[in-house]
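Work through the exercises below with the sequence and the coordinates side by side. Try each task before reading its solution.

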Amino acid sequence: MAIPARRQGRSLFPDLPEWFESFPSRLAWPAMADLYTVRIEEYPEGDRYLVRAEIPGIDPGKDLDITVQDGMLTIRAERTEETQEKHRSEFRYGSFTRTVALPAGAKEDDIQADYNAGILTVSVGLGEAKKEARRIEVTHTE
């Protein structure tokens with residue numbers, strides 16, 4: 001007995017998979033959220049810890065602020081772009097902030113940053129990781 005691959009008649013309500021397929025692949029909210037996030041990748045490389053951030057369209061001298069405090073690296077950027085043509089203009093702007101926890105042993109006084117072709121690379125020196133907490137025995141005297 002052959003089973004038809006698809007039902008011929010259509011009911012008033014579509015099948016659930018067909019209903020989901022009718023949605024756009026990305027709704028407007030996630031697309032808007034992407035405008036205000038900083039995409040990063042982070043990984044150790046030799047004796048350095050690298051954080052790379054995709055931040056196109058900024059002037060690193062004016063629009064970029066990188067800070068480190070208590071093992072947290074914070075990247076802040078503000079972008080303002082404007083394109084003008086004969087009969088129209090277009091602009092994009094927004095603030096971006098991303099904070100990354102540095103690994104144990106990161107040297108906060110050994111940090112370098114470079115911006116090239118829309119990619120920010122922050123390099124942090126790695127030292128010996130601090131040892132784990134140790135338990136202290138408590139004596140009880142009366």
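Two strands pair if DSSP finds at least two bridges between them. Strands (E, at least two residues) are DSSP runs, numbered from the N terminus. Residues are numbered from 1 along each chain as its sequence is written, and side-chain values use heavy atoms, with hydrogens and water left out. This is a predicted model: local features need pLDDT of at least 70, side-chain atom pairs count only at pLDDT 80 or more, and totals for chains, interfaces and linings use all residues.

**Exercise 1. Strand S2 and its partners**

Task: find the strands that pair with S2, and give the sense and the number of bridges for each.

Solution.
- Step 1. Start with strand S1 (residues 39-45). Seven bridges join S1 to S2, and the two run antiparallel.
- Step 2. Look at the connection. S1 and S2 form a hairpin with two residues between them. Gly 46 sits in the turn and has a positive phi of about 65 degrees.
- Step 3. Turn to S7. S2 and S7 also pair in the antiparallel sense, over seven bridges.
- Step 4. Use Tyr 49 as a marker. Pro 44 stands opposite Tyr 49 in S2. In S7, the bridge partner of Tyr 49 is Val 124.
- Step 5. Check the cover. Buried means under 20% relative accessible area, exposed over 50%, partly exposed in between (1.4 Å probe, protein chains only). Five of the seven residues of S2 are buried, so the strand is mostly covered.

**Exercise 2. The sheet of S3, S4 and S5**

Task: state the strand order and pick out the edges.

Solution.
- Step 1. Write the order. Three strands form an open sheet, S3-S4-S5, with antiparallel pairing.
- Step 2. Find the edges. Strand S3 (64-69) and S5 each have a single partner strand, so one side of each is left without a neighbour in the sheet.
- Step 3. Add the twist. It averages 5 degrees from one strand to the next. Axes here are lines fitted to C-alpha atoms, for helices over the stretch in contact, and angles run from 0 to 180 degrees between N-to-C directions.
- Step 4. Count along one pair. Six bridges join S3 to S4. Within this pair, Leu 64 stands opposite Ala 77 in S4.
- Step 5. Inspect Gln 69, which is found in S3. Gln 69 counts as exposed because its relative accessibility is 55%. Its C-alpha lies 9.9 Å from that of Leu 102, with the two positions 33 residues apart in sequence terms.

**Exercise 3. Arg 48**

Task: is Arg 48 buried or exposed, and which side chains does its own side chain meet in polar contacts?

Solution.
- Step 1. Place the residue. Arg 48 is found in strand S2.
- Step 2. Read the accessibility. Arg 48 is buried, because its relative accessible area is 16%.
- Step 3. List the polar contacts (a pair of N or O atoms within 3.5 Å; within protein, one must be able to donate a hydrogen and the other to accept it, and residues adjacent in sequence count only if both atoms are side-chain atoms). The side chain of Arg 48 reaches that of Asp 110 at 2.7 Å. It also reaches the side chain of Ser 123, at 2.7 Å.
- Step 4. Widen the view to contacts, meaning heavy atoms within 4.5 Å. Beyond four places in sequence, the contacts of Arg 48 include Tyr 43, Gln 112, Val 124 and Leu 126.

**Exercise 4. Salt bridges**

Task: how many salt bridges are there, and which parts of the chain do those of Arg 52 and Arg 48 link?

Solution.
- Step 1. Apply the rule: a side-chain nitrogen of Lys or Arg within 4 Å of a carboxyl oxygen of Asp or Glu. The count comes to five.
- Step 2. Take Arg 52 and Glu 41. Their closest N and O atoms are 2.6 Å apart. Arg 52 is in strand S2 and Glu 41 in strand S1, 11 residues apart.
- Step 3. Check both ends. Arg 52 is partly exposed at 29%. Glu 41 is partly exposed at 37%.
- Step 4. Take Arg 48 and Asp 110, which form a salt bridge at 2.7 Å. Asp 110 lies in strand S6 (residues 106-116) and Arg 48 in S2, so the pair ties together parts 62 residues apart in sequence. Asp 110 is partly exposed, with a relative accessible area of 24%.
- Step 5. Add Arg 88 and Glu 85, whose side chains meet at 3.5 Å, N to O.

**Exercise 5. The nonpolar core**

Task: which members of the largest nonpolar core touch the most other members?

Solution.
- Step 1. Fix the term: a set of buried Ala, Val, Leu, Ile, Met, Phe, Trp, Tyr and Cys residues joined through side-chain atoms within 4.5 Å.
- Step 2. Name the members. Of 16 residues, Val 51, Ile 55, Leu 64, Ile 75 and Leu 120 touch the most others.
- Step 3. Assign the elements. S2 (48-54), S4 (72-84), S5 (89-101) and S7 (119-126) each give two or more residues.
- Step 4. Follow Leu 120. Among the residues it touches beyond four places in sequence are Val 51, Ile 55, Leu 64, Ile 75 and Tyr 115.

Methods:
Helices (H or I, at least four residues) and strands (E, at least two) are DSSP runs, numbered from the N terminus.
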